[in-house]
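Please go through the two chains below and work out how their elements and domains are arranged. Questions with short answers follow.

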Amino acid sequence: MIKFSNISKYYGKTTALDTVDLDIEGGLTTVLIGQSGCGKSTILRLITGLIKPDTGSVEVSGEKLGPENLKQTRWNMGYVIQEGGLFPHMTAEGNVSIMASYLGWSKEKIRTRIHELCDLTKFPVEALSRYPFQVSGGQSQRVSLMRALMLDPDILLLDEPLGALDPLIRSELQTDLKAIFSELKKTVLIVTHDVGEAGYFGDKIVFLRDGKVIQKGTINDLLERPADKFVTKFINAQRSPVNLTEGGG
Amino acid sequence: MRTFLFILIPLIFVCTGCSDNQSPGNHVIVGSKKFTESVVLAEIVSQLARESGVEDVEHRQDLGGTRVLWSALVRGDIDIYPEYTGTIREEILADRNISSNDELKSILSGYGIEMSSPLGFDNTYAIGMKEELAEKLGINKISDLIDHPELKFGFNNEFMDRNDGWRGLQRAYGLPQKNVTGLDHDLAYLGVESGDIDVMDLYTTDAEIKYHNLRVLEDDLNYFPEYMAVLLYRKDFAVQSPDALNEILTIEGKISAKEMIDMNTDVKIEGKSSAEVASRLLQDKLSIDTNPVKETFLGRLYRNTIQHLFLVLVSLSAAILISIPLGIAAFRYKSIGSAVLGVVGIIQTIPSLALLVFMIPFFGIGTVPAIVALFLYSLLPIVRNTYSGLQDIPNDVRESAEVLGLSSLALLRLIELPLASRSILSGIKTSAVINVGTATLGALIGAGGYGQPILTGIRLDNMGLILEGAVPAAILALVVQGFFDLSERVFIPAGLRSKN
């Protein structure tokens, strides 16, 4: 579905991605994991066309990404970022429906679709008229997800979508997101640095370090057959309360 | 929709003021400088023109200096104005060596300008000081000043700059004084009275000489040339309105120095209107019964308000129409961005008075150059706020918008401009308030407005008149500010308003 061939990306002297080859399979949820600055967000930004690679090419659904097909390719993607990226001057409904209106959908069709999405994301219909500053962080992310799903795209890109939420809301949204992913069967790509989250969502996990792919596999592959010591160290560094009471660390 | 309103409303303002048709022959524009004598003489000319049957006589009074009047006459923005032979020789045609009046006339003719015979009096420059101080220091003639280098001189700005003014005088007499200030002629009288300055330049027919008890120092080296009052007018005016011109020229040789001083005194000291004084002279000398048009306070206020609003609305609307796209371009194309911001920034640093005068060679005098100058002044705040409003959109919002796959125009219309609207509107507000204030200077180049009573008020030392311009200007600034505060409800999206 998404194919990276020989991609390198530099920010000045910093190497964000170093000759990366990557194949993201359709219909699965793939998680990109690694330290801050390992290049995982850069991958999403390359797919969305926000930045261009310095070497190599990105293919989406078999087509090489370029200026001529960028707009249409973007209509086939939903993008959700950490703080939601909602447009503050529009209501929740305005945010969700912006592209459908732009593409000339009828009011009726837009309304039906929004109600479907409210059901799917468990967002209360009566809150649709609220502005972003009037809804909570968790609700913001639900709106952002509805906006991403509005045109029913094949690809869903989420950049640390739950990173700014408190644990209870986070866990609730994790459950809901997982249900949505398995219902919709879209190609989902999630960036996170949380191993638990990666294991919970990921059919496939891609482990990145210093702009290179270190390992690709399931959570069990990472736990049982780590590609190198750093993978193990990274996984173990994320303490769970159980480890703490056992005096481990 | 909002964006369209943004553009549409100013356009309507621009278009409502586009008609200004004049038919030659039945329209005379008389100019005068911003001192009483010039205004009174121009008033006499206006009344004579009206007497000859011209219906539409316009007197553009209190214009800012010889250069402004001369350029306006040559360009045809005015038809006729009172001038002095000395000024023509020493200032307007300073680069020519003119020996006789005939030669002077032939050079003027080359510009399409004719000169009347002298009106009858000589109003030359003179140097004066308070009688008591002159008596105490024993100063009677200009060369006596050489022994008093401590004296403070205050001269009319034009006198400071003219070839036949202070610099020439200093050279001719070898005057040692260093403390020399340029200031408005009318303020100089107040300065002499209060002792802030000791010596000032005078016109020999100034009413204040007697009123302030000044001693006129003898020009013992005969430095100052003759300043016979004459009328300068355009040749095509003579061709198109021969009757009006003949009627006007009946005043040639009729005004003595004493009569001029009396008229100046009546206006400046007695507070009579220049129209009234001019009318009485015509009655006395030519037995012509004119009915000077007397404007009521409300009539004047209405006229000034319309003129002022017109200047502000047209220049501000044009500035909005140009600045917002400029700001957007500066933001989208960083390479031209700094150039655009730099240029509009530089324009802002030009003193407003200088900018107004720069406009004259291109646009003459009156409403058009004033509007162009005000337009240029209004650019910076709007361009800069548009630019920074777009620049300040948070990165996560900008990227979320970009990834949607909108066209760049739709991105601008749906996301970027609404998010920058608060900043853009506050730039417009700043421009509007500056514009209302700066527009008062438009009167100096004949654009009228609230500056007109202010200028006349300063000339006549009449606080009432000054307030007649200053108070409405201040109120208008508040009203404009209030209007834009209210318009936030229309132009700024609700989601942005409720914050802060």
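**Chains, domains and sheets**

Q: Among contacts in chain B between residues at least 6 apart in sequence, what percentage join residues at least 24 apart?
A: Two residues are in contact if their C-beta atoms, placed from the backbone, lie within 7 Å. Taking the contacts in chain B between residues at least 6 apart in sequence, the share that joins residues at least 24 apart is 79%.

Q: In chain A, which element has the highest confidence?
A: This is a predicted model, in which local features need pLDDT of at least 70 and side-chain atom pairs count only at pLDDT 80 or more, while totals for chains, interfaces and linings use all residues. Residues are numbered from 1 along each chain as its sequence is written, chains are lettered from A and ligands numbered from 1 in the order in which they are written. The pLDDT (the predictor's confidence in each residue, from 0 to 100) averages 90 over chain A, with 96% of the residues at 70 or above. Confidence in chain A is lowest in helix α10 (residues 241–245), at a mean of 56, and highest, at 96, in α3(A).

Q: How many strands does chain B have?
A: Helices (H or I, at least four residues) and strands (E, at least two) are DSSP runs, numbered from the N terminus. On that count chain B has 23 helices, and its strands number 10.

Q: What percentage of the residues of chain B count as buried?
A: The C-alpha atoms of chain B fill a box of roughly 85 × 55 × 40 Å along the principal axes. A residue is buried if 20 or more other C-beta atoms lie within 10 Å of its own, exposed if 12 or fewer, and partly exposed in between, with C-beta atoms placed from the backbone. Of the 500 residues of chain B, the buried part is 46%.

Q: Why does helix α5 of chain B lie largely in the open?
A: Helix α5 of chain B covers residues 101–110. It lies largely in the open because, of its 10 residues, the number buried is 0.

Q: How many nonpolar residues are on the side of chain A that touches chain B?
A: In this interface 19 residues of chain A are in contact with 21 residues of chain B. The elements of chain A that give two or more residues to it are α2 (70–75), β6 (77–81) and α3 (92–102). Ala, Val, Leu, Ile, Met, Phe, Trp, Tyr, Cys and Pro count as nonpolar, Asp, Glu, Lys and Arg as charged, and the others, Gly among them, as polar. The side of chain A thus sorted has 3 charged residues and 3 polar ones, and the nonpolar residues number 13.

Q: Which strands are the edge strands of the open sheet of 4 strands in chain A?
A: Two strands pair if DSSP finds at least two bridges between them. The sheet has the order β2-β1-β4-β5 (chain A), with antiparallel pairing. Each edge strand pairs on one side only, and these are β2 (14–24) and β5 (63–64) of chain A.

Q: In β2(A), which residue is the bridge partner of F4(A)?
A: β1(A) and β2(A) run antiparallel and are joined by 7 bridges. Their hairpin has 2 residues between the strands, and G12(A) there takes a positive phi near 60 degrees. The partner of F4(A) in β2(A) is L22(A).

Q: In β7(B), which residue is the bridge partner of N156(B)?
A: The open sheet of 5 strands in chain B has the order β7-β6-β8-β5-β9 and mixed pairing. β7 (180–183) and β9 (214–217) of chain B each have a single partner strand, so one side of each is left without a neighbour in the sheet. Strand β6 (residues 153–156) of chain B pairs with β7(B) in the parallel sense over 4 bridges. The partner of N156(B) in β7(B) is L183(B).

Q: Which element gives the largest share of the side of domain 1 of chain B that touches domain 3 of chain B?
A: Domain bounds come from an automatic or database domain assignment; in chain B they are domain 1 (21–122 + 227–286), domain 2 (125–217) and domain 3 (297–497). Here 14 residues of domain 1 of chain B are in contact with 15 residues of domain 3 of chain B. β2 (56–63), α3 (66–75) and α13 (257–268) of chain B each supply at least two residues of the domain 1 side. The largest share, 4 residues, comes from α3(B).
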